[in-house]
Amino acid sequence: MKDSFGRTIDYIRISITDRCNLRCVYCMPEEGVESMSHSEILTFDELTALCRFMAKYGLEKIKITGGEPLVRKGVETLIAQLKGIEGIRSVTITTNGVLLEQYYHKLVNAGIDCITVSLDTLNPKTFQSITRRNELDAVLRGIALAQQENLVKLKLNTVPMAPIQEQELCQIARFAQHTDTDVRFIEVMPIGMGCQFEAVGEQQVREVLERNFGKLTLCPEARGNGPSVYYSLEGFQGKIGFISAVSHKFCDSCNRVRLTADGYLKTCLQYDTGVMLRPYLREWDEEKLFHALQDGILAKPKGHHFELQGEFTDREHRKMSQIGG
Ligand code: SAM
Ligand code: SF4
């Protein structure tokens, strides 16, 4: 499907749960969020039916996210179902890695195309202060297993926090040194809890990396599903990526929509704009579903306005953990 600005929408990010076993400060309040009830959350069969329907209209790529997607039982069953849909070229997952060691082989056997692990620091104290939990060792075991087995592409997502910790950033970047793991640095976005933090800009991270590892050379070929711009470093097997929604707005090439766990199709990260699909999925009315999808996609905003401070009427009220990042 195309939106009203001519952008092709071929990618959906599905939040399969709003629950999480961490409480990252830029994503979720300490006390958590009021969880959706079981009956509100779309079943795996409903999600599969929706993706099969959307694949007829050009959907090709699916990201499974959360909350923490690995806390939803049987996620591997969903992945296998989605992989079986004609026209779907890639099914990937973003996880905080706490349960990755247990789930790695299940995800691989289900056919996952890429696993992204979010990890901001290797310092146990910093990890505790960012995530409010003491799970760094579990995350590191999951990453070690994924690197050792190397059965699918592995990426790391890092949200650098101010004040910038040079050695911690370098430690994270080194995950890309001896294996082809890609490490991506994400600017914290002013959404939900993220509004309380100032983004560490791409430029600052680049300076740290170049000072420690030499020149970052732009990779000409496109990699992945989205806005990450990748660079190579001499002596590194993996790439270094930047997702810089604040300093380098990439809305013109936005190819995605998002689905919350209860079936709301969100068309822009920053705005509430979207449409509730659950009723049409539950009654399985293809005509209504098609029109809801079409209306939602046609109303997709031209872009975000992270630079504007203050409230505007349709600003997103959800936390990032309810959206999926
Ligand atoms: N729980 C999983 C995880 O942490 O990977 C998946 C969901 S999480 C919402 C997806 C991604 O969003 C993570 O990489 C996280 O770092 C990122 N994220 C959360 N809040 C953010 C914010 N305010 N700005 C930028 N990225 C954010
Ligand atoms: Fe949970 Fe992921 Fe949000 Fe952290 S970023 S609180 S792990 S959903």
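Select Asn150, in the loop between H5 and S5 of this predicted model. Its phi is positive, about 50 degrees, although Asn150 is not a glycine. Most residues other than glycine have a negative phi, and most peptide bonds are trans. Asn150 has a relative accessible area of 47% and counts as partly exposed because that value falls between the 20% and 50% cut-offs.

Go next to Trp284, in the loop between helix H8 (278-282) and helix H9 (286-298). Here too a residue other than glycine has a positive phi, near 45 degrees. The relative accessible area of Trp284 is 35%, so this residue is partly exposed.

Now display the backbone at Ala162 and Pro163. The peptide bond between them is cis, with omega near -5 degrees. Pro163 sits in the loop between strand S5 (153-158) and helix H6 (166-173).

Another cis peptide bond joins Gly66 to Gly67, with omega about 25 degrees. Gly67 belongs to the loop between strand S2 (61-65) and helix H2 (75-83).

Stay at Gly67 and show ligand 1. A polar backbone atom of Gly67 is 2.9 Å from a nitrogen atom of this ligand. Select Met189 as well: one of its backbone N or O atoms lies 2.8 Å from a ligand 1 nitrogen. In the side chain of Glu68, an N or O atom is 3.2 Å from a nitrogen of ligand 1. The protein buries 95% of the 550 Å² that ligand 1 exposes when taken alone. Expanding the selection gives 20 surrounding residues, with Tyr26, Gly67, Thr94, Ser118 and Met189 the closest. Coloured by class, this shell shows seven nonpolar, 11 polar and two charged residues.

Gly67 also leads to ligand 2, which is surrounded by Cys20, Leu22, Cys24, Cys27, Met28, Gly67 and Asn96. The shell of ligand 2 contains five nonpolar and two polar residues, and no charged ones.

For the interior, select Ile62, Ile64, Leu107, Ile115 and Ile240, which touch the most other members of the largest nonpolar core, a set of 94 residues. Helix H1 (residues 44-55) supplies the largest share of this core, seven residues. Centre on Ile115: beyond four places in sequence, its contacts include Ile93, Leu100, Leu107, Val152 and Leu154.

Finish at Leu140 in helix H5 (residues 136-149). Is Leu140 buried or partly exposed? Its relative accessibility is 27%, so Leu140 counts as partly exposed. Apart from neighbours within four places in sequence, Leu140 contacts Leu119, Leu122 and Phe175. Leu122 is 18 residues away from Leu140 in sequence, and their C-alpha atoms are 8.6 Å apart.

Methods. Residues numbered from 1 in each chain as written. Chains lettered and ligands numbered in written order. Predicted model: local features only at pLDDT ≥ 70, side-chain atom pairs only at ≥ 80, totals over all residues. Heavy atoms only, no water. Near = heavy atom within 4 Å. Polar contact = N/O pair within 3.5 Å; in protein donor to acceptor, adjacent residues only side chain to side chain. Areas by Shrake-Rupley, 256 points an atom, 1.4 Å probe, with all protein chains shown as cover. Nonpolar A, V, L, I, M, F, W, Y, C, P; charged D, E, K, R; others polar. Core = buried A, V, L, I, M, F, W, Y, C linked by side-chain atoms within 4.5 Å. Buried < 20%, exposed > 50% of the residue type's maximum accessible area, 1.4 Å probe, protein only. Helix = DSSP H or I, 4+ residues; strand = E, 2+ residues; numbered from the N terminus. Contact = heavy atoms within 4.5 Å.
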